[in-house]
Amino acid sequence: MIRKILIANRGEIAIRIIRACREMGIETVAVYSEADKNALHAQLADEAVCIGPAAAKDSYLNMEQIISATMITGADAIHPGFGFLSENSRFAELCEACHITFIGPDSKTIARLGNKAEARRTMIQAGVPVIPGCEEPVTDEKRAFALAQEIGFPVIIKAVLGGGGKGMRVAYTEEEFEKMFLTAQKESAQAFGDNQMYLERFIENPRHIEFQILADNYGNVIHLGERDCSIQRNHQKMIEEAPSTAVSEELRQKMGEAAVNAAKAAGYTNAGTIEFLLEENENFYFMEMNTRIQVEHPVTEWVTGIDLVKEQIRIADGRPLSYRQEDVKITGHAIECRINAEDPSKNFRPCPGTIQDMYLPGGKGIRIDSAIYSGCTITPYYDSMMAKLIVFAKNRKEAIRKMHSALGEVIIEGITTNIDFLYDIMEREDYQEGDITISYMDHVLKELQEESKWI
């Protein structure tokens, strides 16, 4: 049995995992960088180990240091959270070699699904709809241009080993293709150490719909319904909700079945997310699979009542799923807003600094996942997300009202945040009516610029 878990992450997800472990009677070990020596996750864990300087490459991405900390503290498992090493197959392989339980899928599965071309082949074999695109990775821009002409413009250029919107560009015309390809390739090389690219037909104005799945080591796979993650900027999600207004019960069953088939075809275990693009005519296409817990997992927890982190740990511990598909019921509506230290009026420029005072709302149907406190410093070294505000109500209309009210209560003094921007989104008629696609934020920002409200 797993008795002690090292959490190879920081911030709110580290605290989320610590809380789940406490409730399960499992000890925890936090790791922290020199910049995070006063971070809340380092204070709340049973033990804490410094693993290096502020830069992520020297600390939270330092595999050897994290493995050493695990062995020194006697932890028998590692939970990677999201980001950092959570989808790094080499790190999972190191855990396997050191007989440390990695709370996630095995290294071979991560490698297979992390490679977009390989993931695509796996989905085709499983009968899951895929977007027309190239069959093999490409590195040469002339070869890539020829493939793009075969696929047809517009095309989206993606890093084969990418994620989080990095190494991704859209070429709408032949004339701009070379520039976009080389830009995406350079970004991929810098972010992932790999310059292999992948091309797909760009689906214009779809919704971004993802299905949460759980799979154990005994062949049991279930889905927990969908999340609508269409409101995003530069491929970074801002607001997520469950369920989606665009997904009927019949379509949910169809997409959920495809998600389960995808997971089975990949031989997947633990928690994962199948991401789809959904067109207005209800055609949907596999986009990618995330082999980790998602930032937006709380909205699924609200509408299903299932604790995803606890299920992750139980699965890694060799136990069968606690639920069958018929046990999963979608009830009510949940919305999550990401509160970031950034200035929306200045192209969402990060705004690190020290929080001088703060107040976060509470009450029925309101959840805060955060690691901030009065006096804590938001450093410039990591992601700007400070907190997630999640609300739950019996329907979407009431959930929007609750979110609007909760955002209006938030006080964070000392740094600039995106709270007012999120508050304004809740007031927009198009958002309230569910008229959203992945182009939604482009339209909102264009309106603001035309009104000369933003620089």
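At 30% relative accessibility, phenylalanine 84 counts as partly exposed, because the class called partly exposed lies between the buried residues, under 20%, and the exposed ones, over 50%. This residue is a useful place to enter the structure, which is a predicted model. Phenylalanine 84 sits in the loop that runs between strand S4 (77–79) and helix H4 (89–97). Its backbone deserves attention as well: phi is positive, at about 45 degrees, although the residue is not a glycine.

A second residue with this backbone feature follows further along the chain. Histidine 99 is not a glycine, yet it has a positive phi of about 60 degrees. Histidine 99 belongs to the loop between H4 and strand S5 (101–102). Its relative accessibility is 73%, so histidine 99 counts as exposed.

From these two loops one may step back to the whole chain. The secondary structure of the protein chain comprises 15 helices and 22 strands. The radius of gyration is 21 Å, close to the 23 Å that the globule rule gives for 455 residues, so the chain is as compact as a globular protein of that length. Measured out along the principal axes, the C-alpha trace spans about 55 × 50 × 45 Å. Of the 455 residues, 56% count as buried. The chain exposes about 19,300 Å², and carbon and sulfur atoms supply 46% of that area.

Contacts and charges add to this overall picture. Among the contacts in the protein chain with a separation of 6 or more, 65% are between residues 24 or more positions apart. The chain carries 49 positive and 69 negative side chains. The centres of these two sets of charges lie 3 Å apart.

Where, buried or exposed, does isoleucine 66 stand? The residue is part of helix H3 (residues 63–73), and at 0% relative accessibility it counts as buried. Leaving out residues up to four places away in sequence, isoleucine 66 touches Leu6, Ala8, Ile51, Ser59, Tyr60, Ile78, Leu85 and Phe91. A separate comparison of sequence and space can be made with glycine 52: isoleucine 66 and glycine 52 are 14 residues apart in sequence, and their C-alpha atoms are 9.7 Å apart in space.

Two charged residues show that a lysine or an arginine can also be buried in this model. Lysine 310 is located in helix H11 (residues 308–316). With 15% relative accessibility, lysine 310 counts as buried, because the limit for that class is under 20%. The side chain of lysine 310 is joined to that of glutamate 23 by a polar contact of 2.6 Å. When neighbours within four places in sequence are set aside, lysine 310 is in contact with Ala20, Glu23 and Met24.

Arginine 252 lies in helix H9. Its relative accessibility is 10%, and arginine 252 therefore counts as buried. The side chain of arginine 252 makes a polar contact of 2.9 Å with the side chain of glutamate 249. Apart from neighbours within four places in sequence, arginine 252 is in contact with Phe211, His223, Glu226, Pro243 and Val247.

One of these partners, proline 243, leads to another feature of the backbone. The peptide bond from alanine 242 to proline 243 is cis, with omega near -5 degrees. Proline 243 is in the loop that connects strand S11 (236–242) and helix H9 (249–265). Another cis peptide bond runs from phenylalanine 153 to proline 154, where omega is near 0 degrees. Proline 154 is placed in the loop between helix H7 (141–151) and strand S6 (155–159).

The final stop is lysine 394, in the loop between strand S21 (385–393) and helix H12 (396–409). How many residues separate lysine 394 from glycine 332 in sequence, and how far apart are they in space? The two are 62 residues apart in sequence, while the distance from C-alpha to C-alpha is 4.1 Å. Lysine 394 touches Gly332 and His333, when residues up to four places away in sequence are not counted. The relative accessible area of lysine 394 is 64%, so this lysine is exposed, whereas lysine 310 counts as buried.

Note on methods. Residues are numbered from 1 along each chain as its sequence is written. This is a predicted model: local features need pLDDT of at least 70, side-chain atom pairs count only at pLDDT 80 or more; totals for chains, interfaces and linings use all residues. Side-chain values use heavy atoms; hydrogens and water are left out. Helices (H or I, at least four residues) and strands (E, at least two) are DSSP runs, numbered from the N terminus. Buried means under 20% relative accessible area, exposed over 50%, partly exposed in between (1.4 Å probe, protein chains only). A polar contact is a pair of N or O atoms within 3.5 Å; within protein, one must be able to donate a hydrogen and the other to accept it, and residues adjacent in sequence count only if both atoms are side-chain atoms. Contact means heavy atoms within 4.5 Å. The radius of gyration is taken over C-alpha atoms; the globule rule is 2.2 Å times the number of residues to the power 0.38. Accessible areas come from the Shrake-Rupley method with a 1.4 Å probe; for residues, only the protein chains shown count as cover. Lys and Arg count as positive and Asp and Glu as negative; His and the chain ends are not counted. The place of a charge is taken as NZ of Lys, CZ of Arg, CG of Asp or CD of Glu.
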